[in-house]
Amino acid sequence: MLWKGRRQSDNIEDDRSDSDSGGGGLGGGGGQFRIPIGGRTGGGGSIFLVILVVLAGWYFGFDPSTILGGGDGGLLPGGGGQITDNSGQDSGTAPANDEMKQFVATVLAETEDTWTGIFKSQGLTYEDPKLVLFSGQVRSACGFASAAAGPFYCPGDHKVYLDMTFFQQLDQQFGASGEFARAYVIAHEIGHHVQNLTGIMSKFNQMRQSMGEVEANQMSVRIELQADCFAGVWAHYTGQKGILEQGDIESALNAAKQIGDDTLQKKMQGYVVPESFNHGTSQQRQTWLARGYKSGKLSDCNTLSGPI
Ligand SMILES: [Zn+2]
């Protein structure tokens, strides 16, 4: 992606004051298991569940503790006012202008421009979300989150939370390399923001109240695939600007493949549990990302009904 020299968003909150804390990132094996577990099952299989949920959380866009029953609503909109306090932490110890931050700020700016235009064409107003860079752990309106949960979007405070060490993991552990794989991760989270602004997410949360676990997972898959499709729509418009390079789309599609529920489960435990899927299979994720990219139309992103 030819991103250098383009506009960078001001909507970045740099909360990486603990960035020198070493093993707090995704790489630490122990860190993955620090997610609070609310005693959901208590059975012998619960450790698998934790692994699955944490894994899934890498790309969920919401706080895995919610799925585990330990949180109070990572997906719940309008959550309490516990917004991350970044005041006074922005300069000093945080690496202020590193290249990866500039890349993230540029991708965020591109999403702002694209979605502002799309909303405007529908007679709507797009509200820019904030993107919080954190290191190790963070408190959001959706509760406390560890970097092990991966990037996520909190509907309650309209913020995307990202520990950039996830990008290294995406590359080294999941085999999803390339700049545009990273752009896709950001665009997917922004897709959740779009769902929040358009009321799709609150509708999902309402419906979720009366659902059993399996059904809620199925609905979650639909929501996630739509975020993938929205990421594709963004990529479509980004392509029209002439700033995509050869291999960019392939890189995003490969990322979608590597973080599919089935692929992740196979990799981590050797077998798959389809009822537990909540982001979609590799094939589904690639399909919806590609669909959004191909047409650039929101109407092609209706994952909420019909076959997926
Ligand atoms: Zn997601």
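**Exercise 1. A residue in a loop**

Classify H158 by its relative accessible area of 26%: buried, exposed or partly exposed?

Solution.
Step 1. The relative accessible area of H158 is 26%. The model is a predicted one, and this value is computed from it.
Step 2. Buried means under 20% and exposed means over 50%, with partly exposed in between.
Step 3. H158 is therefore partly exposed, at 26%.
Step 4. To place the residue, look in the loop between strand 5 and strand 6, where H158 is found.
Step 5. The backbone of H158 has a positive phi of about 60°, although the residue is not a glycine.

**Exercise 2. The chain as a whole**

State how many helices and strands the protein chain has, and what share of its 308 residues is buried.

Solution.
Step 1. The protein chain contains 10 helices and 6 strands.
Step 2. Of its 308 residues, 54% are buried.
Step 3. The accessible surface of the chain is about 12700 Å², and carbon and sulfur atoms account for 49% of that surface.
Step 4. Among contacts with a separation of 6 or more, 77% are between residues 24 or more positions apart.

**Exercise 3. The open sheet**

Give the strand order of the open sheet of 4 strands, and explain why one side of strand 1 and of strand 5 is left without a neighbour in the sheet.

Solution.
Step 1. The order of the 4 strands is 1-2-6-5, and the pairing is mixed.
Step 2. Strand 1 (12-15) and strand 5 (152-154) are at the edges and have a single partner strand each, so one side of each has no neighbour in the sheet.
Step 3. From one strand to the next, the twist averages 25°.
Step 4. Strand 1 and strand 2 (residues 130-134) run parallel and are joined by 4 bridges. Within this pair, I12 is opposite L131 of strand 2.
Step 5. Two helices can then be added. Helix 3 (residues 99-121) lies across strand 1, strand 2 and strand 6 (159-162), at about 150° to strand 1. Helix 5 (residues 179-197) lies across strand 2, strand 5 and strand 6, at about 20° to strand 5.

**Exercise 4. A serine after strand 1**

Find where S17 is located, and decide whether it counts as buried or exposed.

Solution.
Step 1. S17 belongs to the loop between strand 1 and helix 1 (46-57).
Step 2. The relative accessibility of S17 is 17%, so the residue counts as buried.
Step 3. The C-alpha atoms of S17 and L133 are 9.8 Å apart in space, while the two residues are 116 residues apart in sequence.

**Exercise 5. The hairpin**

Name the residues on the covered face and on the uncovered face of strand 3.

Solution.
Step 1. V138 and S140 form the covered face of strand 3, and Q137 and R139 the uncovered one.
Step 2. Strand 3 runs antiparallel to strand 4, with 4 bridges between them.
Step 3. The bridge partner of S140 in strand 4 is G143.
Step 4. The hairpin that joins strand 3 to strand 4 does so through 2 residues.

**Exercise 6. The disulfides**

List the disulfides found in a search of the whole structure, and assign a hand to the one between C142 and C154 and to the one between C229 and C301.

Solution.
Step 1. The search finds 2 disulfides.
Step 2. One is formed by C142 and C154, with sulfur atoms 2.1 Å apart. The torsion about its S-S bond is about 95°, so this disulfide is right-handed. It links distant parts of the chain, 12 residues apart: C142 is in the loop between strand 3 (137-140) and strand 4 (143-146), and C154 is in strand 5. Both C142 and C154 are buried.
Step 3. C229 and C301 are also joined by a disulfide, at 2.0 Å from S to S. Here the torsion is about -75°, so the disulfide is left-handed. C229 is in helix 7 (residues 213-240) and C301 is in the segment after helix 10 (282-295), 72 residues apart. C229 and C301 are buried.
Step 4. With bonded cysteines counted along the chain, the pattern is 1-2, 3-4.

**Exercise 7. Helix 7 and helix 10**

Describe how helix 7 and helix 10 pack, by angle and axis distance.

Solution.
Step 1. The angle between helix 7 and helix 10 is about 35°, and their axes are 6 Å apart.
Step 2. The crossing of helix 7 and helix 10 is right-handed.
Step 3. Residues of helix 7 that meet helix 10 include V221, L225 and C229. On the side of helix 10, the residues include W288, L289 and Y293.

Note on methods
Residues numbered from 1 in each chain as written. Predicted model: local features only at pLDDT ≥ 70, side-chain atom pairs only at ≥ 80, totals over all residues. Heavy atoms only, no water. Pairing = 2+ DSSP bridges. Axes fitted to C-alpha atoms, helices over the stretch in contact; angles between N-to-C directions. Contact = heavy atoms within 4.5 Å. Disulfide = S-S within 2.5 Å. Buried < 20%, exposed > 50% of the residue type's maximum accessible area, 1.4 Å probe, protein only. Areas by Shrake-Rupley, 256 points an atom, 1.4 Å probe, with all protein chains shown as cover. Left-handed = near helix turned anticlockwise from the far one by under 90°.
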